[in-house]
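This report introduces the protein to a reader who has not met it before. The sequence and the structure come first, and the description follows.

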Amino acid sequence: MRQKILSLTLIFAIAFCALAQQKRADESMPGTERLRAHVSYLASDKLDGRRTGSAGANMAAEYVAREFARYGLRRSVGRDLPGMSIVEADSPRRYMQEFPFVAGVELGKNNSMLFTSRSEAAATAPGETPPTHSSARAASLDLRVGEDWMPLGFSSNKNLAATPVAFISYGIKADELKYNDYAGAQVKNNIAVALAGTPDGDNPHGQFARYADVRWKAIAAREQGAAALVVITREENFKDDPLSRLSFDNSAGEAGLPVVVISRQVAQRLLESEGLAPLSELEKAASTARSAASTTTADTTAGKASGENRKNIAASLQNVTLSIKTDIARRNTPAYNVVGILEGSDPVLKKEAIVIGAHYDHLGRGGSGSLATREGDIHHGADDNASGVAGMLELARIFSAERAKTKRTLVFIAFSGEEEGLLGSNYYVNHPIVPLGQTVAMINMDMIGRMKENKLMIGGVGTARQWRDWIQAENIKAETSRTPEGFKAARSIDQFTLSLNEDGYGPSDHSSFYAKQIPVLFFFTGTHDDYHKPTDTAEKVNYDDERRILFFIAGLLRSIDAAAPRRPTYTTAKSESQGRSMGFRVYLGTIPNYGGSSDGLKLDGVREDSPAAKAGMKANDRIVRMAGREVRNVYDYTYALGEMKAGQEYEVEVVRGSETLKLKITPAARRQ
Ligand SMILES: [Zn+2]
Ligand SMILES: [Zn+2]
């Protein structure tokens, strides 16, 4: 009996061992079903598109935090304190790094706009609401916010008492097109009134296309000393006009002056009250002025006519004033990066870290960044970037399950605010959990779920000397074949068709790290028809190929670890020139920080041998003036850039620490 029991125990023991081994093998590898489960949850309707700052995004953050807890990753926020309850100490929130975020803007209580005319005509002005007579010869009209007018999301809050107005056609000043709507207009300290759009209409390829944005018009108005900018909408029905809807862009800050839109009906009433031609004729005249501007001889009849026309309008508007009070309330909502730490096994090298990141935020129900034809549908973001988050989680799981831990510490991060302009990663590099000097590399995964034809794109290959070799080595897979003598390696084949890109900058979170001179790698399987649309859904993700990519990345991480204590050697990568899509003709070599600011444009870096480097500009400098223009944010900067010419010297004013420096910069011609 005893013997029998013993052998039974043995059998059980053997069976258990085999089972355990099977289980361990399973745990040490990325799993297709696990990836599918992560993506299916993150991209589900319940999470509502995970727009930064939303409840759905916070649920995604919580999900990642709970997974981190299951893998036993160390919490990154706060410390265990004596007397702390287990609930507090183990809270998933302790994986969450909070950063400030403006989730939106809304109207405050103090918005008002009053139109006053002292002319004869005003007293008998037609309109649905008869003007109230405040004196024998003055008429005033109280405009209703939301119905007749609306402040824009980036407008400054101000209270302007009755201020004269100046009509400025489209409010465009384009030096290189020799076009200036401000010529001869009395704008200083007055309220500039402009038409929406450009003399080219809506033509996206027209020569004025890049001046159409109200942002540019606001900058031009501010540069000219206007007290405020009022734009007349184009849609007949005010509420149909996109400008009448409040929206806010986190990466750009505020305009520096009140900027509002008024309905066409209000504009019409204003013109009628002064006995002027209807709005449609004014618009026709404004676009005629354009043909005058673009012909070589300025002395054309059209030019003269438009000049005359403008003088007439200016004279007629003499009696008009506007009082404007703007009150925009910014809705500050915290957003979160989720950071989990797997401590390294080497007593010295564990002070160094490798960051493995993927953003979890997406586009919510559309709006800014969406390529959908309409707003309101859930943008599931399965490939972008539930796929990357699932990959990051699987790497966290397998590395924490491994008995032989990596020598260096691994920092796993799910970033937020990526779609709004790399806000989360930008915050992290300025508030790192492991000091950046000890961060030896950053691996980013953004859209790794839709591999086609075995093609894997890797960016940042030029950011460390060893990257190319390690990537090539990892890509060669020994194919085994069975022979009568047993298994043997038959030949080596490439696992993936690699498409390598040198640049460390790109449209995702690795950019924030490369800007701090950290070697980066960016994994990406390419774009597709569902990109940034509601149709980017979980069932379209190719989980088998994603799993193979994760094997590859895990292998690379082991290569980095095997080379320790040697670090990947940082190198400056060859770069695609930035801003090309905006059609600038000059190149400075600055690397702007796209995090929001209103007190100048902060630089993350300066490219080697670039005009900016030659001018003596450095990382962390804040540009406050350039080429004679005030620079408060990235829009101002881009505006100034658009007016600069290659080969000409300009003054640029930067704030470095407590000093303000005046430097000279000579832009280079952009290679087209
Ligand atoms: Zn993405
Ligand atoms: Zn995206």
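A residue is called buried when its relative accessible area is under 20%. The model described here is a predicted one. At 2% relative accessibility, D384 therefore counts as buried. This aspartate is a suitable starting point, as D384 bridges the zinc ion (ligand 1) and the zinc ion (ligand 2), which lie 3.4 Å apart.

## The two zinc sites

The table sets out the two sites side by side.

| Site | Protein donors | Donor distances | Angles among the four donor atoms | Spacing along the chain |
|---|---|---|---|---|
| zinc ion (ligand 1) | H359 (NE2), D384 (OD), D446 (OD), D446 (OD) | 2.1 to 2.5 Å | 54 to 147° | H-x24-D-x61-D |
| zinc ion (ligand 2) | D384 (OD), E419 (OE), E419 (OE), H532 (NE2) | 2.0 to 2.4 Å | 57 to 150° | D-x34-E-x112-H |

The site of the zinc ion (ligand 1) is irregular. Its donors H359 and D446 link distant parts of the chain: H359 belongs to strand β17 (residues 353-359), while D446 is in the loop between β19 (439-445) and β20 (455-459), 87 residues apart. Both H359 and D446 are buried.

The site of the zinc ion (ligand 2) is likewise classed as irregular. Here D384 lies in helix α9 (residues 382-401) and E419 in the loop between β18 (409-415) and α10 (423-430), so that this pair ties together parts 35 residues apart in sequence. E419 has a relative accessible area of 18% and is buried.

## The overall fold

The secondary structure of the protein comprises 15 helices and 32 strands. Of the 672 residues in the protein, 53% are buried. Among contacts with a separation of 6 or more, 78% are between residues 24 or more positions apart.

## Nonpolar cores

In soluble globular proteins, nonpolar side chains tend to be buried together. The largest nonpolar core of this model has 64 residues, of which F68, I356, M392, L395, F412 and F523 touch the most other members. Helix α9 gives the most to this core, with 10 residues. Residues up to four places away in sequence aside, F68 touches L73, Y95, V338, V339, G340, M392, L393, A396 and F412. A second, separate core consists of 48 residues, including A255, V261, M626 and V634.

Strand β18 contains L410, a residue that counts as buried at 2% relative accessibility. Beyond its neighbours within four places in sequence, L410 is in contact with G340, I341, L342, I354, I356 and F399. The C-alpha atoms of L410 and M442 are 10.0 Å apart in space, and the two residues are 32 apart in sequence.

## Aromatic rings

A pair of aromatic rings is described by the distance of the centres and the angle of the planes. The model holds 12 aromatic pairs. One of them joins Y41 and Y63, which are stacked at 4.6 Å centre to centre with 25° between the planes. Y41 lies in helix α2 (residues 32-42) and Y63 in helix α3 (residues 55-70), so the pair ties together parts 22 residues apart in sequence. The two rings belong to residues with unlike labels: Y41 counts as partly exposed at 22% relative accessibility, whereas Y63 counts as buried at 18%.

Elsewhere, ring pairs link F415, Y428 and F513 into a cluster. A charged group also meets a ring: the charged end of R215 sits over the ring of F154, 4.1 Å from its centre.

## Helix α6

Helix α6 (residues 264-273) has seven of its 10 residues buried, so it is largely enclosed by the rest of the structure. Its buried residues are R264, V266, A267, R269, L270, L271 and S273. Just after α6, G275 takes a positive phi of about 70°.

Conventions: Residues are numbered from 1 along each chain as its sequence is written. Chains are lettered from A and ligands numbered from 1 in the order in which they are written. This is a predicted model: local features need pLDDT of at least 70, side-chain atom pairs count only at pLDDT 80 or more; totals for chains, interfaces and linings use all residues. Side-chain values use heavy atoms; hydrogens and water are left out. Donors are N, O and S atoms within 2.8 Å of the metal (3.2 Å for Na, K and Ca); water is not among the atoms, so sites may look incomplete. Four donors count as tetrahedral if all angles lie between 85 and 135 degrees; four count as square planar and six as octahedral if opposite donors are over 155 degrees apart and all others between 65 and 115; anything else is irregular. Helices (H or I, at least four residues) and strands (E, at least two) are DSSP runs, numbered from the N terminus. Buried means under 20% relative accessible area, exposed over 50%, partly exposed in between (1.4 Å probe, protein chains only). Rings of Phe, Tyr and Trp (its six-membered ring) pair if their centres lie within 6.5 Å; planes under 30 degrees apart count as stacked, over 60 as edge-to-face and the rest as tilted. A charge sits over a ring if NZ of Lys or CZ of Arg is within 6 Å of the ring centre and within 35 degrees of the ring normal. Contact means heavy atoms within 4.5 Å. A nonpolar core is a set of buried Ala, Val, Leu, Ile, Met, Phe, Trp, Tyr and Cys residues joined through side-chain atoms within 4.5 Å.
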